[in-house]
Number of protein chains: 2
Amino acid sequence: MTYKELYNLIKKKKSFLCVGLDTDKNKIPSFLLKEEDPVYAFNKAIIDATLPYSVAYKPNLAFYESMGTEGWISLEKTVKYLRSLNEPLFLIADAKRGDIGNTSAMYARTFLETMDFDAVTLSPYMGADTVTPFLSYQDKWVILLALTSNQSAADFQYFENKDGEKLYEQVIETSTEWADKNRIMYVVGATKAEALTDIRKIIPENFLLIPGVGAQGGSLQEVSKYGMNNHCGLLVNSSRGIIYASTGNDFAQAAAEKAKAIQEEMAELLDKFLP
Amino acid sequence: MTYKELYNLIKKKKSFLCVGLDTDKNKIPSFLLKEEDPVYAFNKAIIDATLPYSVAYKPNLAFYESMGTEGWISLEKTVKYLRSLNEPLFLIADAKRGDIGNTSAMYARTFLETMDFDAVTLSPYMGADTVTPFLSYQDKWVILLALTSNQSAADFQYFENKDGEKLYEQVIETSTEWADKNRIMYVVGATKAEALTDIRKIIPENFLLIPGVGAQGGSLQEVSKYGMNNHCGLLVNSSRGIIYASTGNDFAQAAAEKAKAIQEEMAELLDKFLP
């Protein structure tokens, strides 16, 4: 998906919601456990319920890998189902990978070719070698961790040079030399909404993937105020807040209601901040 | 495996060699492709051939994941085979993961419990949250990326604060507060042997996992000179140099010869540098 196609999708659906498919077998409604593939059954129901309100889906690979082979099968089926819907959707493999050249190339093939994701999240620690193998796939994206929303993000991301520049700013600056706004996005935690102003000075045009709205306590209003650009430039992720909105028989309906509420707020924010 | 058990294993085998199982289906001898599970057949032959000379094995997960479900099965079988040998071996899941609390906990369970690895490599970018879930498993280890051996390592790992301290040094220093030498090791690329002196000032006792000897150009002599401590404190990895020593029918024998040559050099170095 191109930058422009993503923007058009956001405008059409009046939504920049990404649904995080952090599906944990221990948390899904128990009646699903009798299904042949409970994780897939859950994902399929969540997708059907939230599809009118979201532009992106983001399975967090840790949840699938932790189930071994069975988990990979659920993941592959989920992606295949999303693609079978025959409508544009931005699919993110939340892998947080960070490896060098030859192994990065293997990961790129897995996620962008074999599984047909649009984007992969990557950790910047090992530098350009981690990212460049992913850039040879047309209309596919890299989403680089910059400022994450977890508590210990400050351990190293705030490490500061003599000019007062922080590591996460250096990561953003340096990586803009590897790819432009059409190929690279950044993860910026919603718990740091005020930092968005500074980040927008470095990268006015790039999309940002914002986790941490909802369960992790970020505010959609703040994020939009400080982070939105004239192509929206935001994908805001919600995982637990949507997919575990209810743990009963009505889980899908509850997820739809949550997603709808977020989408309606997003529609207002797009009206307010888009030119 | 405990610190002391690892040291005893190194003394007994006069080796601190880790064999990197970076198994690529496109690079293994073609006659293996008619096997039911070519990657596993290759690994098994390599393990049998190199077992007398090595103390550790390190599958790089990217190679397995890139084959999807099939790759995970090969990996699981490889680990099971290594454990069936009924002799002490230090098994490293080279995963380079870096995720937050709840997903880190899932990875920890996958690698340290479900698959019975001794250690997992982790990326430090997201801070303590990435590491702590792995520390609740007894006698299991975290191996944190500090200074990697790839070309673009300098992009961020050399990012320097006003006191001239580099990011990788900060990573090492900060993480020593999370766990002691019994639970945490560090990846330090062999291409940076001179940096080992400075690193040993910060962590005199911890084990270091050194990739990049061989194909990536590091010297075993240099690494031992600057990096060895009084419990050896080194695991030196060789992947391609051993497993692809020959691509013919004699691949296992060629791997054995390569591993033997490295082990013999290591025996001399242990004699020379150990108290």
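**Two copies, one barrel: a quick tour**

Hi everyone! Let's start with the whole pair: chain A superposes on chain B by a rotation of 180° with 0.0 Å of shift along its axis, at an RMSD of 0.0 Å. (The superposition is by least squares on the C-alpha atoms of residues with pLDDT of at least 70 in both copies.) The two copies are thus related as by a two-fold rotation axis.

A word on what you are looking at: this is a predicted model, in which local features need pLDDT of at least 70, side-chain atom pairs count only at pLDDT 80 or more, and totals for chains, interfaces and linings use all residues. Residues are numbered from 1 along each chain as its sequence is written, while chains are lettered from A and ligands numbered from 1 in the order in which they are written.

Now, where do the chains touch? 46 residues of chain A are in contact with 46 residues of chain B; contact means that the C-beta atoms, placed from the backbone, lie within 7 Å. On the chain A side, α5(A) gives the most, with 7 residues. Helices and strands here are DSSP runs, numbered from the N terminus: H or I of at least four residues for a helix, E of at least two for a strand. By class, that side of chain A has 18 nonpolar, 18 polar and 10 charged residues. Nonpolar covers Ala, Val, Leu, Ile, Met, Phe, Trp, Tyr, Cys and Pro, charged covers Asp, Glu, Lys and Arg, and the others, Gly among them, are polar.

Next, the barrel. In chain A, 8 strands close up in the order β1-β2-β3-β4-β5-β6-β7-β8, with parallel pairing. Strands pair if DSSP finds at least two bridges between them. Which strand does β1 of chain A join through 3 bridges? That is β8 (residues 234-238) of chain A, and the two run parallel. Helix α12 (residues 251-273) of chain A lies across β1 and β8 of chain A, at about 155° to β1(A). Such angles run from 0 to 180 degrees between N-to-C directions, with axes fitted to C-alpha atoms, for helices over the stretch in contact.

Finally, over to chain B, where α2 (residues 38-50) packs on α12 (residues 251-273) at about 40°, with axes 8 Å apart. That makes α2(B) oblique to α12(B); under 35 degrees is roughly parallel, over 145 roughly antiparallel, 65 to 115 roughly perpendicular, and the rest oblique. The residues of this contact divide into 7 nonpolar, 2 polar and 1 charged. Thanks for listening!

Note on methods: Contact = placed C-beta atoms within 7 Å.
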